[in-house]
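Please read these notes with the sequence and the model open side by side. They are meant as a colleague's comments.

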Amino acid sequence: MPESFERLTLLYDAASIDARVREMAEQINARYAGEPVVVVGVLKGAFIFCADLMRRLTMPLEVDFVRLASYGRSSTSGGEIKFTKDIEMPLAGKHVLIVEDIIDTGLSMDFLCKQLADRQAVSVSIAAFVDKPSRREVPVKADYVGFCIADGFIVGYGLDYAERYRELPGIYELALNSDAAGL
Ligand code: PRP
């Protein structure tokens with residue numbers, strides 16, 4: 001039985017992330033031109049990105065959070081998405097900016113956008129810190145993307161592996177010993 005290991009390889013350090021979040025915020029500020037926006041952060045992974053992005057936004061903001069869970073989902077196939085925590089404020093007549101840490105299969109964003117569309121928001125946009133378009137199972141397109149990456153397991157800046165590594169200030173690719181074994 002080989003000794004287990006987890007190896008982290010830095011992809012984006014804190015300074016690169018900060019610079020990219022500033023650029024995203026400039027785009028978003030220009031788009032809304034001072035109009036009020038409701039930021040909807042998707043827990044847990046987006047909590048750090050959401051906090052950093054909001055502090056760069058200049059329009060009047062409200063914030064709320066959702067938490068989603070998928071059922072009957074394997075690592076390679078989708079499943080049914082449900083709220084485990086819904087938004088607690090009305091969205092009618094408001095601009096909504098969903099703030100997500102990563103879009104992978106797209107199932108979470110597809111579900112959330114459809115749910116929010118039923119609540120008479122004026123507009124619904126998506127800011128995703130990381131996009132993995134090669135993994136898509138349903139068509140979802142973010143309006144603002146921090147980093148577009150190929151497949152690979154990433155952690156840090158809110159993203160976890162088995163609830164670990166969320167606190168890391170950078171984004172890392174995680175290799176497990178099962179990768180080395182080709183499993
Ligand atoms: C991750 C991530 C997104 C979702 C993206 O959440 O934060 O919300 O998966 O995947 P999808 O595009 O394939 O739907 P996760 O369920 O790992 O929960 P967490 O944010 O609490 O870690």
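The points below take up one helix, the cores, the sheets, a buried glutamate and the aromatic rings.

1. Status of the model. This is a predicted model, and the comments should be read with that in mind.

2. Helix 1, length. Helix 1 covers residues 14-32, which is 19 residues. At 1.5 Å a residue it should span 27 Å, and its end C-alpha atoms are 27 Å apart, so the expected and the modelled lengths agree. After the helix comes A33, which has a positive phi, near 45°.

3. Helix 1, faces. Which residues of helix 1 are buried? They are I17, V21, M24, A25, I28, N29 and Y32. Viewed down the helix axis, these buried residues fall within an arc of 140°, so they line one face. The background is simple: an α-helix has 3.6 residues a turn, so residues three or four places apart point the same way. On the face turned away from the buried side are the exposed residues A15, E26 and A30.

4. The largest nonpolar core. This core has 26 residues, and those touching the most other members are I28, F49, L53, L97 and F129. At least two residues each come from helix 1, strand 2 (37-43), helix 2 (47-54), strand 5, strand 6 (123-131) and strand 7 (144-148). Helix 1 gives the largest share, 6 residues. Leaving out residues up to four places away in sequence, L53 touches V21, M24, A25, I28, L97, V99 and A127. Another core, of 23 residues, lies apart from the largest one; I87, L91, L116 and A142 are among its members.

5. Strand 2. Is strand 2 enclosed by the rest of the structure or open? Of its 7 residues 6 are buried, so strand 2 is largely enclosed. It runs parallel to strand 3 (residues 61-71), with 7 bridges joining the two; V39 stands opposite V63 of strand 3. Strand 2 also pairs with strand 5 in the parallel sense, over 5 bridges, and there V40 has I98 as its bridge partner.

6. E100. This residue sits in strand 5 (residues 95-103). Buried or exposed? E100 has a relative accessible area of 5%, so it counts as buried. Beyond its neighbours within four places in sequence, E100 is in contact with V42, A46, F49, S108, M109, A127, A128 and F129.

7. The open antiparallel sheet. Here 3 strands are arranged in the order 1-9-8, with antiparallel pairing. Strand 1 (6-12) and strand 8 (154-155) are at the edges with a single partner strand each, so one side of each has no neighbour in the sheet. Strand 1 pairs with strand 9 (residues 171-176) over 6 bridges, and L10 stands opposite Y172.

8. Aromatic rings. There are 6 aromatic pairs in the structure. F129 and F147 have ring centres 5.5 Å apart and planes at 85°, so this pair is edge-to-face. F129 belongs to strand 6 and F147 to strand 7, so the pair ties together parts 18 residues apart in sequence. F129 also pairs with Y157, in a tilted arrangement with 4.6 Å centre to centre and 40° between the planes. Y157 lies in the loop between strand 8 and strand 9, 28 residues from F129. Relative accessibility is 1% for F129 and 4% for Y157, and both count as buried. One aromatic cluster is formed by Y12, F49, F129, F147 and Y157.

Conventions: Residues are numbered from 1 along each chain as its sequence is written. This is a predicted model: local features need pLDDT of at least 70, side-chain atom pairs count only at pLDDT 80 or more; totals for chains, interfaces and linings use all residues. Side-chain values use heavy atoms; hydrogens and water are left out. Helices (H or I, at least four residues) and strands (E, at least two) are DSSP runs, numbered from the N terminus. The expected span of a helix is 1.5 Å times one less than its number of residues. Buried means under 20% relative accessible area, exposed over 50%, partly exposed in between (1.4 Å probe, protein chains only). The arc is that of the directions from the helix axis to the C-beta atoms. Contact means heavy atoms within 4.5 Å. A nonpolar core is a set of buried Ala, Val, Leu, Ile, Met, Phe, Trp, Tyr and Cys residues joined through side-chain atoms within 4.5 Å. Two strands pair if DSSP finds at least two bridges between them. Rings of Phe, Tyr and Trp (its six-membered ring) pair if their centres lie within 6.5 Å; planes under 30 degrees apart count as stacked, over 60 as edge-to-face and the rest as tilted.
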